[in-house]
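Q: Please choose one part of this structure and take me through it closely, residue by residue, before placing it in the wider chain. I would like a connected account that I can follow beside the model.

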Amino acid sequence: MIEYEWSNYPGGPEKAIKDGYILRLNDVIDQYTPHLKQYLNEHPDIDMQIRTASGSYYAFPFIQGDDKLRTYQGPIIRKDWLDELGLDVPTTIDEWHTMLQAFKDKRELTPRLLF
């Protein structure tokens, strides 16, 4: 299985299905995921996010029912930069400030090294 934003595919997910890049999942969902099918019937807002206008399912949803699950990405830090500067992964605002200042200072000294 691959996670991809199929709406970015030229022609969208329906064209990706027709071109053979992804599988139409309707039969798979009907046969193997009856609870998902029931959920989608009960939640048309989710259902419409994973099927095309012509009704082809092209993805299994990541259902984020709890507010805590609705934020699944956050700041990303390059570990090699931290290691090079002898810093730990920041956990407080002060540590973030220290890290960002160190990145800035290092870049000013050696522009090609970090960026």
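A: A helix is here a DSSP run of H or I at least four residues long, and helices are numbered from the N terminus. With that in hand, I50 can be placed in the loop between α4 and α5, and this residue is the part I will look at closely, in a model that is predicted. The two bordering helices are α4, residues 44–47, and α5, residues 79–85.

What is the burial state of I50, given its loop position? With a relative accessibility of 5%, I50 counts as buried, because the cut-off for that class is under 20%. Setting aside neighbours within four places in sequence, the contacts of I50 are with L40, S56, Y57, Y58, A59 and P61. One of these partners, L40, lies 10 residues away from I50 along the chain, and their C-alpha atoms are separated by 9.6 Å. L40 in turn touches I46, D47, I50 and Y57, again without residues up to four places away in sequence.

These contacts can be read together with the core to which I50 belongs. The largest nonpolar core has seven residues, and I50 is listed there with L25, I29, L36, L40, I46 and Y57. Apart from that core lies another, made of six residues, including W6, A16, I17 and I22. In soluble globular proteins, nonpolar side chains tend to be buried together.

A59, another contact of I50, is also found in the loop between α4 and α5. Leaving out residues up to four places away in sequence, A59 touches L25 as well as I50, and both of those residues are members of the seven-residue core. A59 itself is partly exposed, because its relative accessible area of 22% is not under the 20% that burial requires.

On the other side of I50 in the sequence is Q49, which has its place in the loop between α4 and α5 too. Whereas I50 is buried, Q49 is exposed, with a relative accessible area of 52%. In space, the C-alpha atoms of Q49 and A59 are 8.9 Å apart, although 10 residues separate them in sequence. Q49 and P61 are 12 residues apart along the chain, and their C-alpha atoms are separated by 8.1 Å. P61 is also among the residues in contact with I50.

F60 is a further residue of the loop between α4 and α5. With a relative accessible area of 33%, F60 is partly exposed, and together with V28 and Y32 it makes a nonpolar surface patch of about 290 Å². The loop therefore holds buried I50 and partly exposed F60.

Beyond the loop, the chain has seven helices and zero strands. Of its 115 residues, 25% count as buried, I50 being one of them. The accessible surface of the chain comes to about 9,200 Å², and 54% of that belongs to carbon and sulfur atoms. Among contacts between residues at least 6 apart in sequence, 38% join residues at least 24 apart.

Charged pairs add to the picture, and a search of the whole structure finds six salt bridges. One of them joins the side chains of D30 and K37, at 2.7 Å from N to O, with D30 partly exposed at a relative accessible area of 41% and K37 partly exposed at 32%. Another is the pair of E84 and K106, whose closest N and O atoms are 3.8 Å apart. E84 lies in helix α5 and K106 in helix α6, residues 93–109, so this salt bridge ties together parts that are 22 residues apart in sequence. Helix α5 is also the helix that borders the loop of I50 on its C-terminal side.

A last point concerns how far the prediction can be relied on. The chain has a mean pLDDT of 86, and 87% of its residues reach 70 or more. Confidence is highest in helix α2, residues 26–32, at a mean of 96, and lowest in helix α7, residues 111–114, at 54.

How values were computed: Residues are numbered from 1 along each chain as its sequence is written. This is a predicted model: local features need pLDDT of at least 70, side-chain atom pairs count only at pLDDT 80 or more; totals for chains, interfaces and linings use all residues. Side-chain values use heavy atoms; hydrogens and water are left out. A nonpolar core is a set of buried Ala, Val, Leu, Ile, Met, Phe, Trp, Tyr and Cys residues joined through side-chain atoms within 4.5 Å. Buried means under 20% relative accessible area, exposed over 50%, partly exposed in between (1.4 Å probe, protein chains only). Contact means heavy atoms within 4.5 Å. Patches are made of residues with over 30% relative accessible area and no salt bridge: like charges are joined within 9 Å, nonpolar side chains (Val, Leu, Ile, Met, Phe, Trp, Tyr) within 5 Å. Accessible areas come from the Shrake-Rupley method with a 1.4 Å probe; for residues, only the protein chains shown count as cover. A salt bridge is a side-chain nitrogen of Lys or Arg within 4 Å of a carboxyl oxygen of Asp or Glu. pLDDT is the predictor's confidence in each residue, from 0 to 100.
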